[in-house]
Amino acid sequence: MPVHLPLKARDLPGRVAAGGYILHSGLEKLHGDQARAQAIHKMAASAFPVLKDIPPDRFLRLLAAGEIAIGTALV
């Protein structure tokens, strides 16, 4: 049975604002340099040790892709 989520007009401004912010954040990370990749990877790996095995460049690309997908879905 499909689930229908009602979308109301009052929800749109919040979704667009949050989606735009997350989308922008993802696009900024997509074009990040090596120093930024290492900094973000180090911060994430300190919170979740399993992420230490992922190279910083790949981690930043995956994080950016996830943020772009979520931001696009909200917008």
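Which element of the protein has the lowest mean pLDDT, and which has the highest? Before selecting anything, bear in mind that this is a predicted model, with a mean pLDDT of 92 for the protein and 100% of its residues at 70 or more. If you colour by confidence, helix α1, at residues 12–30, has the lowest mean among the elements, at 93, while helix α2, at residues 34–47, has the highest, at 96.

Next, show the whole chain as a cartoon and follow it along the sequence, where the pattern reads α-α-α, with three helices and zero strands in total. The radius of gyration is 16 Å, well over the 11 Å that the globule rule gives for 75 residues, so the protein is more spread out than a compact globule. Turned along its principal axes, the set of C-alpha atoms fills a box of roughly 40 × 30 × 15 Å.

Now switch on the surface, of which the protein exposes about 5,700 Å², with carbon and sulfur atoms supplying 67% of that area. Of the 75 residues, 19% count as buried.

For a closer look, select Glu 67, which lies in helix α3, at residues 56–74. Glu 67 counts as buried because its relative accessibility is 17%, under the 20% cut-off. Add Ser 25 to the selection, and you will find a polar contact of 3.0 Å between the side chains of Glu 67 and Ser 25. Leaving aside residues up to four places away in sequence, Glu 67 also touches other residues, among them Ile 22, Leu 23, Gly 26 and Lys 29.

Finally, display the contacts with a separation of 6 or more, 57% of which join residues 24 or more positions apart.

Note on methods. Residues are numbered from 1 along each chain as its sequence is written. This is a predicted model: local features need pLDDT of at least 70, side-chain atom pairs count only at pLDDT 80 or more; totals for chains, interfaces and linings use all residues. Side-chain values use heavy atoms; hydrogens and water are left out. pLDDT is the predictor's confidence in each residue, from 0 to 100. Helices (H or I, at least four residues) and strands (E, at least two) are DSSP runs, numbered from the N terminus. Buried means under 20% relative accessible area, exposed over 50%, partly exposed in between (1.4 Å probe, protein chains only). A polar contact is a pair of N or O atoms within 3.5 Å; within protein, one must be able to donate a hydrogen and the other to accept it, and residues adjacent in sequence count only if both atoms are side-chain atoms. Contact means heavy atoms within 4.5 Å. The radius of gyration is taken over C-alpha atoms; the globule rule is 2.2 Å times the number of residues to the power 0.38. Accessible areas come from the Shrake-Rupley method with a 1.4 Å probe; for residues, only the protein chains shown count as cover.
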